[in-house]
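Work through the exercises below with the sequence and the model at hand. Each task is followed by a solution in steps.

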Amino acid sequence: MASKRPPNLGTPSVNANTQSQMISLDAWESSVPLQEKQLQSIAVWKHQGEQKPLPLKFEEDQVVPISRPDTPLRTLKQREGSLRPGSRPGTPVLNQSTRGRHPLHPAHPISTPQQFHDWFALIERSIQHSQETHFRSHLSQLTEQLDKCTGLTEKVNRVDDDVIRMLSAWKSIEEGGRSLQEASEQLVDEKNRLIEVTDAISARLAYFQELERATRMLNHPGDDVVLQPDFLITVERVDICLEYLQNHRDFREADIYILRFQQCLIRAMSLIKIFFTASFRNLSADVERQLAEKTISTISTTHLLYPKFATMATQMTPLISELERRVVAYPTDLGSLLEECHATYFAIRKSLLTPQIISEVKGLDPAHGDLVELTRAGCGYLRQLCENEFTLYRRFFSSGEDHLYRYLENLCDFLYDDLRPRILHEQRIGILCEVCTVLQALMVLGSDVSNLDGVSDEGEDDQGSIVPETPLDMNESPGMQKLQIGVLLQMILQDAQTRLVFKTQAIVQSDIRLHTPTDDDLRYPDKLIEHRATQVQEPPKGSSDSSDNQEEMQADESTWYPSVRKTAWIMSMLDEFVKPEIFHDIAREAISFCRESLDVASQRMAAKGGPTSAIDAKLFTIYHLLILKELVSEVDFGQDQPAGTAPPLSAGEGFFGIPLFRPAAFLGSLAYLGVPRLLSGAETPLNIDQELKSVCEALISDCVKNATRPVRVFVERSSAYLDALATGPLNEKNDLLSQEFAAPKQALETNNEFKQACKEEVQRWGSRVRLFLEDERTVAALFTPLQHQIIEEYAIFRGLLAGRYGPELLEEAYTETALLNTLRQWLVPPTS
C-alpha cells in the first residue's frame, strides 16, 4: 500500500512548486465567473462562518500549514495579512493543555513508512470528521423536529376522534328533530288540504246557486226589467256560469244546469229584444205623427229623424251590445233575436225616410235636368243621407254590415232608377267622363281617411254627419268603422264606365280605324313649319306654369295626325275612369288601328310623286311612332309583357305632362340615349320599337343609296367585268383599265360625281329631317348610322382604286377620316 501512495505528498518541494503555479485572483474570477445564486450562497456561508469561534487547533502564535493548495481567495487574504478562520470546524483536539505541539503532529519523528501511513490516516480521519460535522448537526436537528411533529400528529388524531364523536351525537339529534318537523308539516298540509277542499266545494256550488238568483231576477214582471242596475250584472253572471259548466260537464247534473242557464240567457236576450222593438216602435209612431204636420220645417224634420233617435241610442246601446256579443258565442239560439232587431230598425227607418227621399229626387228633375248636375246633386244628397244613416246605425249596433249596406242600397235605388236610364242613353263621351269624375270624387270623399290621423274638414259643415259619432270599437270590422260609399256608388259607376267604354270603342272604329285622310291632314312638314313660326311670333305670356303647359300641350297636338291625336285623347280620357285591364285592351286596340292609319297616310304621302315625298312619308311615320312610343311607355303594360322583356322608357313627367305632348322634348330624350337605344329591336308593348327601327333603317338606306349611287354603279360594273374576266381567256386587252367605263379618267370623274351627289343628297336629307325632328340630338341620332353606311360604301370604291389604279388617282379619293369630317360639315344646320 505504501508503494501506491505518491512519494512526494506533503513534502516541502511539492508545496513550493504548487504555490509557484498559482494564478492571480483577478484571473481566477474572470475565468470562472459566479452566478447570482452562487454569490448569494457564498455570502450565506460567509456569514455563518463569521459567527462560529475559532477552532482550538488555531492558536494566536502558531499557524499550521495546510497540506492542500490554497485557494486564490485564501492566498489573497494571506498576502493582505488578515487570514480569517475557515467555515469548517477543526479536527478534534485531544488535550487543550498541551501547548507544546499540535495534536495531529506525531509524538515522535516518523522513521518508517508504517508510521507515516498511520499519521496520514489520522489526518484523513480528522479531515473527514471536520467535513461531516455540519451534516451530523443538521441530522440531529431534523431528528428532534421529527419527534416534535410525531407528538403533534398524535394530539391531532386524538382531537379528530373527539370531533367525530361529537358529530355523530349531533346527527342523531338532527334526525330526531327532522322527524318531528316532518310530522308537524304533514299535519299542517292536511289542514290546508281540507281548507282548500272546502273552498273548492263552496266555489263550485256558487255556480249552481246562481241559477236561483238569476231566475228570480228574470221573472220580474214588466218590460222595464232590463233597465234595472242588476240586470246586466245578472246576465254577465249567467254567461260566466254557463261557460264554466260547459267546461266541466263531468259535474253531477251539469247538463241539467247548462240547459237551465241557457234558458235564462235566452230569456234575458228576449227581454232586450222586446224592450228595443217596443221602444223603437213607440218612438217611430211619435215621429210619424209629428212629420205628418204640414207646418213642420226642414230643421225640425232633421231633428226628428236623427237627433231624437240618437238620444234613444244612449239607453239602448249597452243592451244591444250585450245581445251582439252573445250572438257571436251562441248564433243558433240568439241569432234570430238580433235579426228581428235589425229588421225592425230597417223597416221603421225606411218607412220614415221614403217620403223624404222621393220628394228630394223629384226636386232634382231627373227626366230633364243636366246629367252631370243631376249626378253631382243626387249622389251628393245620397252620400250625406247614407253617412247619417250609417252613423245612426252605429249608435245602436256594431254588427250587421251586410244588412246595413243592403238597406242603404234600397235607399239609393230611388235615385238610381231615374239616373241609370239617362246614363245608358248618353251619347257624349265628355259628359260620361264628367259623370265618372263626379262619382269617383264622391267615392274618394267617402273612403277611409285613417291615414290622415282622423283630421276632418271642419269648414265643410254640410259634409259632416248630423248624428254624434260614437267611439270606434277595435273589434269592429273596417266596414263598420267607416262608411264605404264606394260600395253604394259602384253600380252607377259601372253603368257609366260601361257606357264610356262602348262609346270609346265606337270612336276607335270610326275616327281611328276608318279615318280617311284629307289633303290638309297630309300637309307635312308644312304644318310643323307653320306651328314653329306661330310659336316664334307669339310673345310670352305671364301665366302660371300649369296654364303654360296646357297651352303648349294643345299647340303641339295641333301638329299631330288626327288618328294619333284621337288616340292620345282617348287614352287620356279613359286612364282614370275604367279598370286597368279594360284600359289596356282599349289602348292596344286604339294604338294598333292608329298604326294602320299611319301606314295608309304614309303611303298616300309617298304616292304624291314629289322629290321629297318618300323621305317625308318615312319621317312622318317616325314622328308619329315616337309619339305613340311615349304614349305606350306611360301605360303600365307590365303584367302583360312576356318574361325577359325590357321595361318601357320612363318619362320625366306624368301622363299629362309636357314631355308626352311635346315631340321635340321626348325625341331629344331618346336621342340622348344614343343610336342603339333609338334603333334597338328590343320588344316593347305593341312592338312599336321594332317598327320604328325598320322605318329609320329604310330612311337611312334610301339616303345612302342616292348619295353613293355613282361609286356603287362604278363598283358594280367593275366587279361584274372582273368576275367575267376571271372565267374567260387571258388577254392584255381585257385589262380593267383598258375598258372605257373603268378608265382612270372615268374613275376620277366618278369620284367627283360622288362628291357632288353625296353633298346634295346629305344636305337635302338633313334639312328634311330637321323639319320633322326639331331637336338636334334626335337628328344626330339618325346621322350617325348614315355616316357609317356612306363610309362603308365609299370604302369599297377606294379599295378598288387602291388595287387597280395608281397612287395619283388614289390621292384624289377621300380617306375615311376626311370623308367623315366632310359629312359632318354637310350635316351641320345652316345658320339663320
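**Exercise 1.** Locate leucine 34 in the predicted model and decide whether leucine 34 is buried, partly exposed or exposed.

Solution.
- Step 1: leucine 34 sits in the loop that runs between helix H2 (25-31) and helix H3 (36-51).
- Step 2: the relative accessibility of leucine 34 is 36%. Buried requires under 20% and exposed requires over 50%, so leucine 34 is classed as partly exposed.
- Step 3: Leu34 also belongs to a nonpolar surface patch of about 430 Å², together with Trp28, Val32, Leu39 and Ile42.

**Exercise 2.** Classify the ring pair of phenylalanine 396 and phenylalanine 397 as stacked, tilted or edge-to-face, and state which rings share a cluster with them.

Solution.
- Step 1: the whole structure contains 26 aromatic pairs. For phenylalanine 396 and phenylalanine 397, the ring centres are 6.4 Å apart and the planes meet at 40°.
- Step 2: the pairing limit is 6.5 Å between centres, and stacked needs planes under 30 degrees apart while edge-to-face needs over 60. The angle of 40° therefore makes this pair tilted.
- Step 3: both residues are buried, since phenylalanine 396 has 1% relative accessibility and phenylalanine 397 has 1% as well.
- Step 4: ring pairs connect Phe396 and Phe397 with Phe276, Phe280, Phe309, Tyr345, Phe346, Tyr393 and Tyr407 in a cluster.

**Exercise 3.** Which residue lies over the face of phenylalanine 309, and which over the face of tyrosine 814?

Solution.
- Step 1: arginine 349 is placed over the face of phenylalanine 309, 4.8 Å from the ring centre. Phe309 is one of the rings in the cluster of Exercise 2.
- Step 2: lysine 755 is placed over the face of tyrosine 814, also at 4.8 Å from the ring centre.

**Exercise 4.** Find the salt-bridge partners of arginine 326 among glutamate 236 and glutamate 322, and describe the network they belong to.

Solution.
- Step 1: the search of the whole structure gives 31 salt bridges. In one of them, arginine 326 meets glutamate 236 with an N to O distance of 3.1 Å.
- Step 2: arginine 326 is in helix H9 (residues 307-329) and glutamate 236 is in helix H6 (residues 229-247), so this bridge ties together parts 90 residues apart in sequence.
- Step 3: arginine 326 is buried at 1% relative accessible area, whereas glutamate 236 is partly exposed at 29%.
- Step 4: arginine 326 also bridges to glutamate 322, at 2.2 Å from N to O. These two residues are both in helix H9, four residues apart, or about one turn of the helix, and both are buried.
- Step 5: through shared partners, salt bridges join Glu236, Asp239, Glu322, Arg325 and Arg326 into one network.

**Exercise 5.** Are the partners in the bridge of arginine 249 and aspartate 255 buried, partly exposed or exposed?

Solution.
- Step 1: the closest N and O atoms of arginine 249 and aspartate 255 are 3.2 Å apart, within the 4 Å limit for a salt bridge.
- Step 2: arginine 249 has 48% relative accessible area and aspartate 255 has 49%. Arginine 249 is partly exposed, and aspartate 255 is partly exposed.

**Exercise 6.** Summarise the protein chain by secondary structure, burial, contacts and surface.

Solution.
- Step 1: the chain has 29 helices and zero strands.
- Step 2: of its 832 residues, 36% are buried.
- Step 3: among contacts with a separation of 6 or more, 79% join residues 24 or more positions apart.
- Step 4: the exposed area is about 48900 Å², of which carbon and sulfur atoms supply 54%.

Terms used
Residues numbered from 1 in each chain as written. Predicted model: local features only at pLDDT ≥ 70, side-chain atom pairs only at ≥ 80, totals over all residues. Heavy atoms only, no water. Patch = residues over 30% accessible without salt bridge, like charges linked within 9 Å, V, L, I, M, F, W, Y side chains within 5 Å. Areas by Shrake-Rupley, 256 points an atom, 1.4 Å probe, with all protein chains shown as cover. Salt bridge = Lys/Arg side-chain N within 4 Å of Asp/Glu carboxyl O. Buried < 20%, exposed > 50% of the residue type's maximum accessible area, 1.4 Å probe, protein only. Phe/Tyr/Trp six-rings, centres within 6.5 Å; stacked < 30°, edge-to-face > 60°. Lys NZ or Arg CZ within 6 Å of the ring centre and 35° of its normal. Contact = heavy atoms within 4.5 Å.
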